[in-house]
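Hi,

Here is the structure I promised to pass on. Have a look at it first, and then read my notes below.

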Amino acid sequence: MSSIDDLAAVDTRREHLLGILGHQLMGGTAVPAGWVQLVKNNTASSADDENRYATDWIITCDGETVGYLDTEEKQGWTDVWPYGVINVAKHPMSHWRQGSFNGRLTNKLLSFQTLPEHSWWVAMRKDWQQAVMVNAADLFVYGRSTEVRTRYSEVPLPVIAFPNSKARLASTPDDFTRVILNRFEVSDAVR
């Protein structure tokens, strides 16, 4: 890497803060379906490594990918969830910021479409101590397409608006683990 800009371009270290809530699944948990584990997916080895754009995490069961988990740090969330609805961007924000929008779906949505039942979009509080979790299968069923204005562009951003009432709040590692394992129908398997 040749500059501080290169370092910033591949910085996915904040995503590792998911360990505050997700450490039980990072270590793995035995459930009747097998060994469920959360594994980092987008660790880049250089500024040119395309893997930095991959969905943040994969969820495995006995080593086989069964789902994806993508985190988004919400800078405006410092205490109580401040948003009336959950907006999941349909297209990469970088395209909007750079004025090079090409209409392609985000990598997270492309991943979620392949394995929706065990995939999650996770909004993280600014201090990474709480998470609002949206299951991808629910996102595709209960979400509605709309557009919102952002500070990045005059052009409205297409999003999937998801009702807060269908999301799950995780405030402890046990909560976080239970939410994900509930999709495996083993909520009592939390260690």
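What follows is what I found in it, from the overall picture down to single residues.

A word on ground rules: this is a predicted model, so local features need pLDDT of at least 70 and side-chain atom pairs count only at pLDDT 80 or more, while totals for chains, interfaces and linings use all residues. Residues are numbered from 1 along each chain as its sequence is written, and side-chain values use heavy atoms, with hydrogens and water left out.

First, confidence. The chain has a mean pLDDT (the predictor's confidence in each residue, from 0 to 100) of 84, and 85% of its residues reach 70 or more. Two stretches stay under 50: residues 1-11, with ten contacts beyond four places in sequence, and residues 186-191, with 19 such contacts. Contact here means heavy atoms within 4.5 Å.

Now the overall build. There are six helices and ten strands, taken as DSSP runs (H or I, at least four residues, for helices; E, at least two, for strands) and numbered from the N terminus. Of the 191 residues in the chain, 45% are buried; that means under 20% relative accessible area, with exposed over 50% and partly exposed in between (1.4 Å probe, protein chains only). Among contacts between residues at least 6 apart in sequence, 59% join residues at least 24 apart.

Helix α2 (residues 19-27) is a good place to start. Its buried residues are Leu21, Gly22, Gln24 and Leu25. They lie on the same side of α2 because they cover an arc of only 125 degrees around the axis, the arc being that of the directions from the helix axis to the C-beta atoms. What do these buried residues pack against? Their partners are β1 (29-31), β2 (34-40), β6 (120-125), β7 (131-135), β10 (168-170) and α6 (173-182). Right after α2 comes Gly28, with a positive phi near 100 degrees.

On to the largest nonpolar core (buried Ala, Val, Leu, Ile, Met, Phe, Trp, Tyr and Cys residues joined through side-chain atoms within 4.5 Å). It has 23 residues, of which Ile59, Leu69, Met133 and Phe176 touch the most other members. At least two residues of this core come from each of α2, β2, β3 (57-61), β4 (64-74), β6, β7 and α6. The largest share, four residues, is supplied by α6. A second, separate core has 17 residues, including Trp77, Leu109, Trp121 and Ala123. Leaving out residues up to four places away in sequence, Met133 touches a set of residues that includes Trp120, Trp121, Phe176 and Ile180.

There is also an open sheet of three strands in the order β5-β9-β8, with antiparallel pairing. β5 (85-89) and β8 (144-150) are at the edges with a single partner strand each, so one side of each has no neighbour in the sheet. β8 and β9 (residues 153-163) pair over six bridges, where pairing needs at least two bridges found by DSSP. Within that pair, Val148 has Leu157 in β9 as its bridge partner.

Finally, two residues that are not glycine have a positive phi. Asp62 has phi near 55 degrees and sits in the loop between β3 and β4. Trp128, at about 60 degrees, is in the loop between β6 and β7. Buried or exposed? Asp62 is exposed, with a relative accessible area of 55%, whereas Trp128 is buried, at 2%.

Best wishes
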